[in-house]
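Good morning, and thank you for making time for this presentation. Please have the sequence and the model open as I speak.

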Amino acid sequence: RNDKGELIPIIFRPFHEFDGSWFWWGANFTTRDEFKKLWRFTVDYFRNQKHLDNIIYAFSPDRMFYSEIEYLDKYPGNNYVDIIGVDNYWDFTPDGDGLEWITKKLQIVSKLAEKKNKIAAFTETGSEAIPDSTWWTDKLLKTFDHDDIDIAFVMVWRNAHEKHHYAPYNGHPSAENFVEFKNNPCILFM
C-alpha cells in the first residue's frame, strides 16, 4: 500500500523461464500438468487466501518456443494470466537464434495477447555489461519496433556491479546510445 493506504499494482512473474531447466519448476522438473497446477495454486492462494487483488500475473517463458502451440504448452488458462510475455537473453548472443527470431517470438506474444485480451510484454532481457555500444538501438529496438508487435514494456535485468549490469551508468560506452533509444518516439519512460 502507498502512504494513502491504496493498493499498488505489482507485476508478478511466478515460475518464469519454465521452459528452461535452471529453476526447480523448469522443463526437466515439472510436467505440463504439474506446472499448470502449481501456477493455479499460487494465483488462487494469493487471490482467495490472502485476498490480494493488486497482483498482475505475467506468464513468461524463456525463448524456447517457435509457435503459438509451443508457447501455450504450459499456459494455465486465461483466468490465471494478465500479461503474456517472453524472457529472452540468449537470442541476442552469437549462439542464439538471432534478432529475426526475437522479433518472430515477440510477434507470437503480441498476437496471442490480442487473441486472449491480455497485455503483451518483453518481460526480461538484456546483454550483460552491454559490450556493444549501440546495443539499445541496433539490437534491442530493432526486435520490437514493428507494426505487428504491440508490447506494453521491456524490462532489462538488474545492475549488481561493474561487470554484472544490464543498464548503462554514466560514462558507460552505451550510455549515449541508451539516450538515443530512450528518445525514440515508440519509447515511453516514466
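Eleven names first, please: Phe15, Phe18, Phe23, Trp24, Trp25, Phe35, Trp39, Phe59, Phe65, Tyr71 and Tyr75 make up one aromatic cluster. I should say at once that this is a predicted model. Across the whole structure, a search returns 26 aromatic pairs. Let me take one of them, Phe59 with Tyr71. Their ring centres are 5.5 Å apart and the planes stand at 75°, which is over the 60 degrees required, so the pair is edge-to-face. Phe59 belongs to strand β2, residues 55-59, and Tyr71 to helix α2, residues 68-71; the pair therefore ties together parts that are twelve residues apart in sequence. Are these two residues buried or exposed? Both Phe59 and Tyr71 are buried.

I turn now to two aromatic rings with a lysine over them. Lys104 sits over the face of Trp101, 4.7 Å from the ring centre. Lys182 is placed over the face of Phe189, in this case at 5.9 Å from the ring centre.

Next, the helices. As a reminder, two packed helices are described by the angle between their axes and the distance between the axes. Helix α4, residues 135-144, packs with helix α5, residues 175-182, at an angle of about 35°, and the axes are 8 Å apart. On the α4 side the contact is made by Trp135, Trp136, Thr137, Leu140, Leu141 and Phe144, and on the α5 side by Asn177, Phe178, Glu180 and Phe181. Sorted by class, the residues of this contact are seven nonpolar, two polar and one charged.

How many of the ten residues of α4 are buried? Seven are, and the helix is mostly covered. The buried residues are Trp135, Trp136, Thr137, Leu140, Leu141, Thr143 and Phe144. Their packing partners are α3, β4, β5 (154-156) and α5.

Helix α4 also holds Lys142. Neighbours within four places in sequence aside, we find Lys142 in contact with Thr103 and Thr137. Between Lys142 and Phe153, which are eleven residues apart along the chain, the C-alpha atoms are separated by 15 Å.

Let me move to two arginines in loops. Arg13 is located in the loop between β1 (10-12) and α1 (32-49). Its relative accessible area is 18%, under the limit of 20%, so Arg13 is buried. Which side chain does the side chain of Arg13 meet in a polar contact? The partner is the side chain of Asp87, at 2.7 Å. Beyond residues up to four places away in sequence, Arg13 touches Ala58, Ser60, Asp87, Thr123, Glu124 and Met155.

The second arginine, Arg63, is in the loop between β2 and α2. Arg63 counts as buried, at 10% relative accessibility. The side chain of Arg63 has a polar contact of 2.5 Å with the side chain of Asp91. The residues that Arg63 touches, again not counting those up to four places away in sequence, are Asp19, Val86, Asp87, Asn88, Trp90, Asp91, Asp97 and Lys105. Asp87 thus appears among the residues touched by Arg13 and among those touched by Arg63.

Asp44 deserves a short description as well. Asp44 is in helix α1 and is partly exposed, with a relative accessible area of 27%. A polar contact of 3.2 Å links the side chain of Asp44 to that of Tyr80. With neighbours within four places in sequence set aside, the contacts of Asp44 are with Gln49 and Tyr80. As for Lys104, which I named earlier, Asp44 is 60 residues from it in sequence and 32 Å from it in space, C-alpha to C-alpha.

I close with two backbone angles. Glu17 has a phi near 55°, which is a positive value in a residue other than glycine. Glu17 is in the loop between β1 and α1 and is buried, with a relative accessible area of 7%. Asn117 likewise has a positive phi, near 55°, and is not a glycine. Where is Asn117? Asn117 lies in the loop between α3 (99-116) and β4 (119-125). Its relative accessibility is 73%, over the 50% required, so Asn117 counts as exposed.

Thank you for your attention.

Methods
Residues are numbered from 1 along each chain as its sequence is written. This is a predicted model: local features need pLDDT of at least 70, side-chain atom pairs count only at pLDDT 80 or more; totals for chains, interfaces and linings use all residues. Side-chain values use heavy atoms; hydrogens and water are left out. Axes are lines fitted to C-alpha atoms, for helices over the stretch in contact, and angles run from 0 to 180 degrees between N-to-C directions. Helices (H or I, at least four residues) and strands (E, at least two) are DSSP runs, numbered from the N terminus. Contact means heavy atoms within 4.5 Å. Ala, Val, Leu, Ile, Met, Phe, Trp, Tyr, Cys and Pro count as nonpolar, Asp, Glu, Lys and Arg as charged, and the others, Gly among them, as polar. Rings of Phe, Tyr and Trp (its six-membered ring) pair if their centres lie within 6.5 Å; planes under 30 degrees apart count as stacked, over 60 as edge-to-face and the rest as tilted. Buried means under 20% relative accessible area, exposed over 50%, partly exposed in between (1.4 Å probe, protein chains only). A charge sits over a ring if NZ of Lys or CZ of Arg is within 6 Å of the ring centre and within 35 degrees of the ring normal. A polar contact is a pair of N or O atoms within 3.5 Å; within protein, one must be able to donate a hydrogen and the other to accept it, and residues adjacent in sequence count only if both atoms are side-chain atoms.
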